[in-house]
Amino acid sequence: MRAAAALLWWGLALPAAAQTLAESWFAAATAGPPACAGHGRRVHAGFERAGLAACRIDADGHVHVTIRPENQPINPSPWYGLVLANDGGGETAVTLHYDGGTHRYAPWTGQPGRPAARLAPQLVSLSEGGRAARMLLPAAPVQLLMAQPPETIEDAMAPFEARVRAGSLVRTIVGHSVARRPLLAYWHRPPAPRGTVVLITRQHPPETTGPQAFARFTDLLLADSAAARAFRAGHALMIVPLANPDGFVLGHWRHNLGGVDLNRDWGPFTQPETHALGQAIEKAAKTAPIVAVIDFHSTARDVVYAPPRPAAPDLGEAMLQAIAADLDGASIRIDRAHNPGSGVLKSWARDRFGVGALTWEVGDASPTDRTARLAEAAATALMASANARGQ
Ligand SMILES: [Zn+2]
């Protein structure tokens, strides 16, 4: 009964596309030379979102993996991802050794054709103050070990691509990453918009709960409800599901391929990603003024970074009040620090357009049903407030 309930909970927690990796995915992931091999085991890291710096295998089959950031200094969100092949049968002990940072993300495992699942917490033990994490992987010929549920670029784009096919969104390539990956924006453009709302996520590659809030939030704005239809009649939408595609594919902790934290580069615009996205926002503002910018992230706990309280209530303030009221202000922190010139998207948008721009940080372990409810409260408040202004 408990197992069934847990399965249901996790089943609801994830987009369906992220749950199961096919036999063919594992075949491709293990096709190249391994990062290390020995004693019946091979460790592979030649696949999208793999993350390990080095590995070795003890005579007893214990796998040691070194996890290292793409460059330093860096705000620590240590990503890891590997595929373990085991010809000999039996469980495998894996120890992640963090070279910079400490263990943050509870591991996920996946086997061919089976839903990815969190490794049971009792199979994970930390030492050296979190700089080493030892885990026991089940006996399996091949399995994935990853810091978050497996997810590809296609998975991240799938809900928006479906709407492009249905004709309700238009996709444009607004620029390219350092490695020339396309930066995609999805647009809703009514004939005579009063304003543009910008929704963006995944400046930081490992973050997963923030993108889940983003997905639910955008879903509601694009829904077939009366409020959403009224909102869309008066407002353009710019939706960016993956602001840092290189970092996402390469298993980065935080930065783009230029070694820069993109959310410290709004203003300087030294990187192609922020430059292109900034230009696209500026261009959108010429058609209809930017009225809200929401940038979805994840961190240790729920916090929303907001501008100082505005003289007249704006759309950002309406969303903030809905979020705070939903939880009675008890367990979510609202931080009104404004740091002009910090290179944070929220601060740049506030200074550039004078709008309620939010950085919405969802806790790494925040329950998905609660995150979904907060996203619903905020989206509902945004639409109600925006629709009221149009009357
Ligand atoms: Zn972030």
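**Zinc site.** I looked up the zinc ion first: its site is irregular, with angles of 56 to 146 degrees among its four donor atoms. Four donors would count as tetrahedral if all angles lay between 85 and 135 degrees, or as square planar if opposite donors were over 155 degrees apart and all others between 65 and 115. This is a predicted model, where local features need pLDDT of at least 70, side-chain atom pairs count only at pLDDT 80 or more, and totals for chains, interfaces and linings use all residues. I also noted that residues are numbered from 1 along each chain as its sequence is written, and that side-chain values use heavy atoms, with hydrogens and water left out.

Which atoms hold the zinc ion? I found His204 (ND1), Glu207 (OE) twice and His297 (ND1), at 2.1 to 2.4 Å. Donors here are N, O and S atoms within 2.8 Å of the metal (3.2 Å for Na, K and Ca); water is not among the atoms, so sites may look incomplete. Along the chain I read their spacing as H-x2-E-x89-H.

I checked burial too (buried means under 20% relative accessible area, with a 1.4 Å probe and protein chains only). His204 is buried at 1%, and Glu207 is buried at 4%.

**Leu220.** I then went to Leu220, which sits in helix 4 (residues 209-221); helices are DSSP runs (H or I, at least four residues), numbered from the N terminus. Leu220 is buried, at 18%. Leaving out residues up to four places away in sequence, I saw Leu220 touch Ala228, Ala375, Glu376, Ala379 and Met383, where contact means heavy atoms within 4.5 Å. Leu220 and Glu376 are 156 residues apart along the chain, yet their C-alpha atoms are separated by 7.0 Å.

Technical notes. Four donors count as tetrahedral if all angles lie between 85 and 135 degrees; four count as square planar and six as octahedral if opposite donors are over 155 degrees apart and all others between 65 and 115; anything else is irregular. Buried means under 20% relative accessible area, exposed over 50%, partly exposed in between (1.4 Å probe, protein chains only). Helices (H or I, at least four residues) and strands (E, at least two) are DSSP runs, numbered from the N terminus.
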